[in-house]
Amino acid sequence: YKSGERISVIFDVGANIGELTSEYNRFFPEANVYSFEPTSSTFATLERKCSGRTNVHLHQLALSDFECTAKIALMGDNQENRLMENETDINHSESQEVKVTTIDAFCTKHNIDNIDILKTDVEGFDFKVLLGAKKLLKERRVKYIISEVGFRHLPDKGDFILISDYLHKSGYCLSGFYDNYRWGKGKMYLKFSNALFRRYDI
């Protein structure tokens, strides 16, 4: 981000227990941080970690490209919980019904005009989250987007090619990769990463 740039609204989609929410709140103390975490047990931890911060807004919601209720598979590691597209798409022991909305619908409901930083880490549903922000992206009302992306068709990571192509057509360019996970002999191959996209006009 540009030095001295004003950051007012941050979306942490897939907040889990709030590590990044807390970091965003620390680095941008004047910004409103909206954190989304759908599962009850993880959301309870998020509430305990971030309670008492007036500019941190916690929402027990899943975000995608539709509004409905859906089931989320509860995995052994809460960082691997993910929405189910059908009853058999994940080998899981239990699930929870959750509310699903879109970024466009949420922003309309809560009178949010612009998002400065949109972060997604939703176990392979990142592309659908971005599809649910179609109106905001088309109107250039999101500045920066950080999405977890995979490079080997990983089911629990956003597809880099799909996301990059979609954002490019929406007026965004790739700015860099962060938190790279490498594999193979000598760690020569990039498996997944956090990709930063920025609007062309900033």
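Two rings of Phe, Tyr or Trp count as an aromatic pair if their centres lie within 6.5 Å. With that in mind, take a look at this predicted model: Phe11, Tyr34, Phe36 and Phe106 come together as one aromatic cluster. By the pairing rule, the count reaches 11 aromatic pairs. Here's a quick tour of some of those rings, then of helix 1 and of a threonine in a loop.

**Aromatic pairs**

- Let's start with Phe127 and Tyr166, whose ring centres are 5.6 Å apart; their planes stand at 90°, which is over the 60 degrees needed, so this pair is edge-to-face.
- Phe127 belongs to helix 4 (residues 126-131) and Tyr166 to helix 6 (residues 160-169), so the pair ties together distant parts of the chain, 39 residues apart.
- Both Phe127 and Tyr166 are buried.
- Another pair is Phe151 with Phe160: the centres are 5.3 Å from each other and the planes make an angle of 50°, which counts as tilted.
- Is Phe160 buried or exposed? With a relative accessible area of 16%, Phe160 falls under the 20% cut-off, so it's buried.
- Its partner Phe151 has a relative accessible area of 28%, so Phe151 is classed as partly exposed.

**Helix 1, inside and out**

- Helix 1 covers residues 19-27, and its buried residues are Thr21, Ser22, Tyr24 and Asn25.
- Where do those buried residues sit around the helix? Looking down the axis of helix 1, you'd find them within an arc of 160°, so they line one face.
- A bit of background helps here: an α-helix has 3.6 residues a turn, so residues three or four places apart point the same way.
- The cover over the buried residues of helix 1 includes strand 1 (9-13), strand 2, helix 2, strand 3 (56-59), strand 8 (115-120) and strand 9 (142-150).
- Flip to the other side of helix 1 and you meet Arg26 and Phe27, which are exposed.
- Those two residues also have something going on between them: the charged end of Arg26 sits over the ring of Phe27, 4.5 Å from the ring's centre.

**Thr39 in its loop**

- Which loop holds Thr39? It's the one between strand 2 (32-36) and helix 2 (40-50).
- Thr39 has a relative accessibility of 1%, so it counts as buried.
- The side chain of Thr39 also makes a polar contact of 3.1 Å with the side chain of Thr42.

Notes: Residues are numbered from 1 along each chain as its sequence is written. This is a predicted model: local features need pLDDT of at least 70, side-chain atom pairs count only at pLDDT 80 or more; totals for chains, interfaces and linings use all residues. Side-chain values use heavy atoms; hydrogens and water are left out. Helices (H or I, at least four residues) and strands (E, at least two) are DSSP runs, numbered from the N terminus. Buried means under 20% relative accessible area, exposed over 50%, partly exposed in between (1.4 Å probe, protein chains only). A polar contact is a pair of N or O atoms within 3.5 Å; within protein, one must be able to donate a hydrogen and the other to accept it, and residues adjacent in sequence count only if both atoms are side-chain atoms. Rings of Phe, Tyr and Trp (its six-membered ring) pair if their centres lie within 6.5 Å; planes under 30 degrees apart count as stacked, over 60 as edge-to-face and the rest as tilted. A charge sits over a ring if NZ of Lys or CZ of Arg is within 6 Å of the ring centre and within 35 degrees of the ring normal. The arc is that of the directions from the helix axis to the C-beta atoms. Contact means heavy atoms within 4.5 Å.
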